[in-house]
Amino acid sequence: MAHRVTLIPGDGIGPELTEATRRVLDASGVDFDWEVVEAGEAVMAEYGTPLPEHVLESVKRNRIALKGPITTPVGGGFRSVNVTLRQVLGLYANLRPARSMPGLDTRYQDVDLVIVRENTEDLYAGIEHMVGRDAAESIKIITREASERIARFAFDYAVANGRHKVTAVHKANIMKLSDGLFLESCRTVAADYDGRVEFEDRIVDNMCMQLVQKPELYDVLVLPNLYGDIVSDLAAGLVGGLGVAPGANIGTEAAVFEPVHGSAPKYAGLDKANPTALILSGALMLRHLGYPVEAERVERAVRAVIAEGSATTYDLGGPAGTSEFAGAIISRLAAESQIPAASSTSA
Ligand code: NAD
């Protein structure tokens with residue numbers, strides 16, 4: 001049976017990248033029935049909102065979406081569609097793997113990190129006010145419930161994916177109550193995985209230094225929202241930058257797969273942008289749906305095309321456009337197609 005998936009093309013480079021990704025996923029051996037719905041700048045005039053109700057309904061119904069980046073106006077204008085989607089759908093876990101790939105010009109060759117970022121609270125709760133005219137206050141919310149939930153997600157991910165260690169990242173030496181509660185929650189959850197997954201913690205500033213000095217020592221990191229945002233970009237930088245950084249937002253009711261990068265408006269419609277991050281987000285989606293063999297096959301094909309180097313986009317030093325890059329990945333998948341496809345293990 002085909003998997004019905006909501007496809008949100010998005011703004012800027014989003015439509016060409018989602019099209020490239022759809023072609024690759026359709027060649028992966030898994031059957032998809034794509035329900036394409038538009039969100040973002042283009043629908044503002046028609047619906048008066050960048051996130052019409054029928055888009056949310058589609059994701060809720062299908063419980064799974066592949067999404068291109070959506071432009072957020074700076075300062076005024078509408079609220080971020082990306083943040084709204086995460087909040088409305090309760091997508092509490094942001095998963096961002098960062099893995100070295102041969103053929104990319106990076107400082108390290110052996111990075112294999114998974115960043116698990118809490119997606120719903122911390123300073124992103126958006127509770128801010130002025131204190132008089134010349135001071136502003138932002139309130140940082142950390143709860144035991146959300147902290148234990150994200151820690152459990154990180155440990156379950158480690159167990160399911162053969163990972164050996166979870167590192168909790170915090171600043172509990174200074175924010176003894178809020179970050180202290182996050183760390184205490186991680187320790188509580190870690191006890192349930194004793195003997196199966198190793199646990200340690202790091203103060204966030206030290207963590208950043210360690211990651212640029214010896215990233216190979218780390219495995220799965222679990223962080224509150226703000227540190228997670230910053231450290232996941234740092235991790236993306238270690239393995240080749242935004243063009244190759246996939247992501248997933250996962251909750252109990254739905255999951256939305258999207259790249260870390262934005263809509264890069266200056267490259268829109270030029271068939272120039274790198275589709276790797278969205279295609280690798282698609283591989284995360286395959287795993288989530290219970291197709292680890294097909295996910296691995298897509299990842300291997302991406303890695304092979306990048307290592308070979310002649311069909312990659314400008315940012316990776318290659319001469320190809322978005323669709324040619326995707327075509328090379330599909331050819332690679334076809335060449336491998338003698339290997340029998342595994343069937344779904346969970347979906
Ligand atoms: P951006 O990620 O869109 O682009 C920054 C630069 O990175 C680009 O100019 C380009 O040089 C490079 N780049 C990004 N993706 C690339 C790709 N796939 N291939 C090749 N090069 C790539 O960041 P920005 O300019 O800060 O944001 C642009 C818009 O995107 C903003 O409106 C922002 O709010 C939005 N945004 C959306 C999301 C999302 O939808 N989840 C995430 C981040 C930013």
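**A walk from the surface to the ligand**

Let's start at R187, which is partly exposed, with a relative accessible area of 45%. Before we go on, keep in mind that this is a predicted model. What does R187 pair up with? It forms a salt bridge with D201, and the closest N and O atoms of the two are 3.6 Å apart. The pair links distant parts of the chain: R187 sits in helix α6 (residues 178-191) and D201 in strand β9, 14 residues apart. D201 is partly exposed too, with a relative accessible area of 24%. The general idea behind such pairs is simple: side chains of opposite charge can pair when their charged atoms come close.

How many salt bridges does a search of the whole structure find? The count is 23, so we'll just visit some of them. Stay with strand β9, which covers residues 198-203, and you'll find E200 there. The side chains of E200 and K165 meet in a salt bridge, at 3.2 Å from N to O. K165 belongs to strand β8 (residues 165-170), so this pair ties together parts that are 35 residues apart in sequence. Are these two residues buried or exposed? Both K165 and E200 are buried.

Next, look for D229 and R117. They form a salt bridge as well, with the closest N and O atoms 3.6 Å apart. Here the two partners are 112 residues apart: D229 is in helix α8 (residues 225-238), while R117 is in strand β5 (residues 112-118). D229 is partly exposed, at a relative accessible area of 25%, whereas R117 is buried, with just 4%. Salt bridges can also join up into a network, and you can see that with R287, E296, E299, R300 and E336.

Now for the cysteines. How many disulfides are there? The count comes to 0. Take C186: the nearest cysteine sulfur is that of C208, and it is 17 Å away. A disulfide needs two cysteine sulfur atoms within 2.5 Å, so 17 Å rules this pair out. Seen from the other side, C208 is in no disulfide either, and its nearest cysteine sulfur is that of C186. What about their surroundings? C186 counts as buried, at 0% relative accessibility, and C208 is partly exposed, with a relative accessible area of 22%. The cut-off for buried is under 20%, so C208 at 22% doesn't make it into that group.

Time for a few stops along the backbone. R63 has a positive phi of about 65°, although it is not a glycine. You'll find R63 in the loop between α3 (53-62) and β3 (64-67), where it counts as partly exposed at 44% relative accessibility. D122 shows a positive phi as well, near 65°, and it is a residue other than glycine. D122 lies in the loop between β5 and β6 (128-130). Unlike the partly exposed R63, D122 is buried, with a relative accessible area of 1%.

Another loop residue to look up is T312, which has its place between α10 (292-308) and α11 (322-335). T312 is buried, with a relative accessible area of 1%. A polar atom of the T312 side chain lies 3.4 Å from the backbone oxygen of G309. Then hop over to A20, in helix α1 (residues 14-26), which is buried at 2%. If you'd like a feel for scale, the C-alpha atoms of A20 and S100 are separated by 22 Å, and the two residues are 80 apart along the chain.

Our final stop is the ligand. How many residues surround it? There are 22, and the closest are I70, T72, G262, A264 and N274. This shell divides into 11 nonpolar, 7 polar and 4 charged residues. Look at the oxygen atoms of the ligand next. One is 2.8 Å from a polar backbone atom of I70. T72 has a backbone N or O atom that lies 2.8 Å from an oxygen atom of the ligand. With N82 a side chain does the job instead: one of its polar side-chain atoms lies 3.0 Å from a ligand oxygen. And how much of the ligand is covered? Taken alone it exposes 820 Å², and the protein buries 70% of that.

Conventions: Residues are numbered from 1 along each chain as its sequence is written. Side-chain values use heavy atoms; hydrogens and water are left out. A residue is near a molecule or strand if one of its heavy atoms lies within 4 Å of it. A polar contact is a pair of N or O atoms within 3.5 Å; within protein, one must be able to donate a hydrogen and the other to accept it, and residues adjacent in sequence count only if both atoms are side-chain atoms. Accessible areas come from the Shrake-Rupley method with a 1.4 Å probe; for residues, only the protein chains shown count as cover. Ala, Val, Leu, Ile, Met, Phe, Trp, Tyr, Cys and Pro count as nonpolar, Asp, Glu, Lys and Arg as charged, and the others, Gly among them, as polar. Buried means under 20% relative accessible area, exposed over 50%, partly exposed in between (1.4 Å probe, protein chains only). A salt bridge is a side-chain nitrogen of Lys or Arg within 4 Å of a carboxyl oxygen of Asp or Glu. Helices (H or I, at least four residues) and strands (E, at least two) are DSSP runs, numbered from the N terminus.
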